[in-house]
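I opened the notebook to record what I looked up in this structure. I kept each entry short.

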Amino acid sequence: MTTPSTGATVLRPDVVEFLTRVREHLADLSVDERDELLDGLDADLSEQLAEGGALPDPASYAAELRSAAGLPPGRTVKPRKARARTLGAHLVAAPDTLRERWLGLTRRNDLTRRTWTMLEAVRPAWWVLRAWIAVSLVDQLAGEWESLTVLPTLGVPLLGPALLLVAIVLSVLIGQGRIWPGSGPDRTLLTRLVLAGLNLVAILAPLTFHFPDNQPYVVYRENGYRAGYLDAAQRPGLRHGSDVVRNVYAYDAQGQPLQGVQLFDQKGRPIAVAPQSSMGEGADRQVTCPWFNGTTPLFNVFPLRQRAQRYGTCLGKVDPSKVGPQGFHEPPLASVPPATLPDAVPPG
Amino acid sequence: MDTTQLLKGVLDVAVLAVVEDEDGYGYDVLRRLRAGGLAEVGDASVYGTLRRLYAAGALTSYVVPSDEGPHRKYYGITPAGRTQLSTQTKDWETFAATVTALLSETRKVTQLEGARS
């Protein structure tokens, strides 16, 4: 074996166009057979043309190629050729043309080729991700407001994970082209558009998700006097520096803990923690439960009671057997030193 | 005489012989075949043959990336390809010798018949 020369050849657009036509005449072959047959031809033909000559008829070229490669003669060559002049056929061929142009772009140089190879290798990860997005979308649309969870909950125990598993299996089968609408070329325009549409939904759907903590959201009914109302543009919840405040403990001037303290800022807006606020993970997860004015939950009255709950918020619909009892936690400090004002007259 | 039909039968052995000399990509192999005298050989026939020989295990293939242009697909001969080449070379030699002998005898007969009349 000798070291091959690596003189670069510039990929010609007419060659890309020609190979697209050739590919159409090989449409009855499997994707692998076709890729195997055409891989590298762009470079060969580009160099060949650079040294003179013209591109032949794609149909006869495809026929010669497949006969020399020992593949059966094409069945679909004639009807496809006849339809090629109609607008419909152009539409049908459009995804193939786009695909071929795209593949041509990815083969432009070593970097694009490597990147595309890598992206193709992680396609199964996208199949799993889009399944998760689909189930999470259902999870977010159904039932009470809730923040996004890694395992979709759907309100019924095990339903979320089970549905996720089914969705992953279906998505992978679609990705492998085993069930409708399938993947890759050789399919009708409709099925290809359906798949493209579904993938687009999967890409855009996460924009509507309620991500935990720092995403915008709007809460509950139109009552000005209630905690937890937050403008969609605001960051919900309370922060102390960069830490999220999940509960507040107030003490009076004598240093004794207080209960039922309602907090407002200088403009009279309630100072509330976020309703989805929680502490700890798994079995140790605690959610905060609001005070109420009638039926309006108030998250600006402190301290808030807490309860053990694996998923969701204190306001969501949950199975009572799955949550712990609601109760006030011991204040972090039993009492604090008394506070005085320098100009105040001491009592007595 | 239409040499395209003849070419079909010997294209495999010709391609193997060219690749055995030195690994090559599609157009390179085509160029060497044409330079070797097979001026009529069609490019699609050569590219298709390379892919068929690769699928049959007679050739190996590898990609040589290029910084500016599309990658090139190179072909090299495998041990199975060498065996096929040597078998087919012998077959061709026997066949060519037979046909040559046949043709020279026929010519003699024709010449004799021509001389008698």
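**Two helices that cross**

I started with helix H1 (residues 3–21) and helix H3 (residues 43–55) of chain B in this predicted model. I looked up how their axes lie. The axes come within 10 Å and cross at roughly 80°. Angles of 65 to 115 degrees count as roughly perpendicular. H1(B) and H3(B) are therefore roughly perpendicular to each other.

Next I asked which residues make the contact. From H1(B) I noted B:Leu11, B:Asp12, B:Val15 and B:Leu16. From H3(B) I noted B:Ser45, B:Val46, B:Thr49, B:Leu50 and B:Leu53. I sorted the residues of this contact by type: six are nonpolar, two are polar and one is charged.

**Chain B as a whole**

I then stepped back to the secondary structure of chain B. I found four helices and three strands. Reading from the N terminus, I wrote down the order α-β-α-α-β-β-α. Chain B has 117 residues, and buried ones make up 35% of them. I also checked contacts in chain B between residues at least 6 apart in sequence. Of these, 52% join residues at least 24 apart.

**Where chain B touches chain A**

How many residues of each chain are in contact with the other? I got 26 residues of chain B and 32 residues of chain A. On the chain B side, helix H2 (26–35), H3 and strand E3 (72–77) each supply at least two residues. H3(B) gives the most, with eight residues. I sorted the chain B side by type as well: eight residues are nonpolar, nine are polar and nine are charged. So H3(B) came up twice in my notes, once in the contact with H1(B) and once in the side that touches chain A.

**A helix in chain A**

My last stop was helix H9 (residues 159–175) of chain A. This helix has 17 residues. From its first C-alpha to its last it reaches 24 Å, close to the 24 Å expected at 1.5 Å a residue.

Which residues of H9(A) are buried? I listed A:Gly160, A:Leu164, A:Ala167, A:Ser171, A:Ile174 and A:Gly175. They cover an arc of only 90° around the axis, which puts them on the same side of H9(A). These buried residues pack against helix H8 (123–141) of chain A. On the other side of H9(A), I found A:Leu165 and A:Val166 exposed.

I ended just past the helix. A:Gly177 follows H9(A), and its phi is positive, near 80°.

Terms used. Residues numbered from 1 in each chain as written. Chains lettered and ligands numbered in written order. Predicted model: local features only at pLDDT ≥ 70, side-chain atom pairs only at ≥ 80, totals over all residues. Axes fitted to C-alpha atoms, helices over the stretch in contact; angles between N-to-C directions. Parallel < 35°, antiparallel > 145°, perpendicular 65-115°, else oblique. Contact = placed C-beta atoms within 7 Å. Nonpolar A, V, L, I, M, F, W, Y, C, P; charged D, E, K, R; others polar. Buried ≥ 20, exposed ≤ 12 C-beta atoms within 10 Å, placed from the backbone. Expected span 1.5 Å × (residues − 1). Arc of directions from axis to C-beta.
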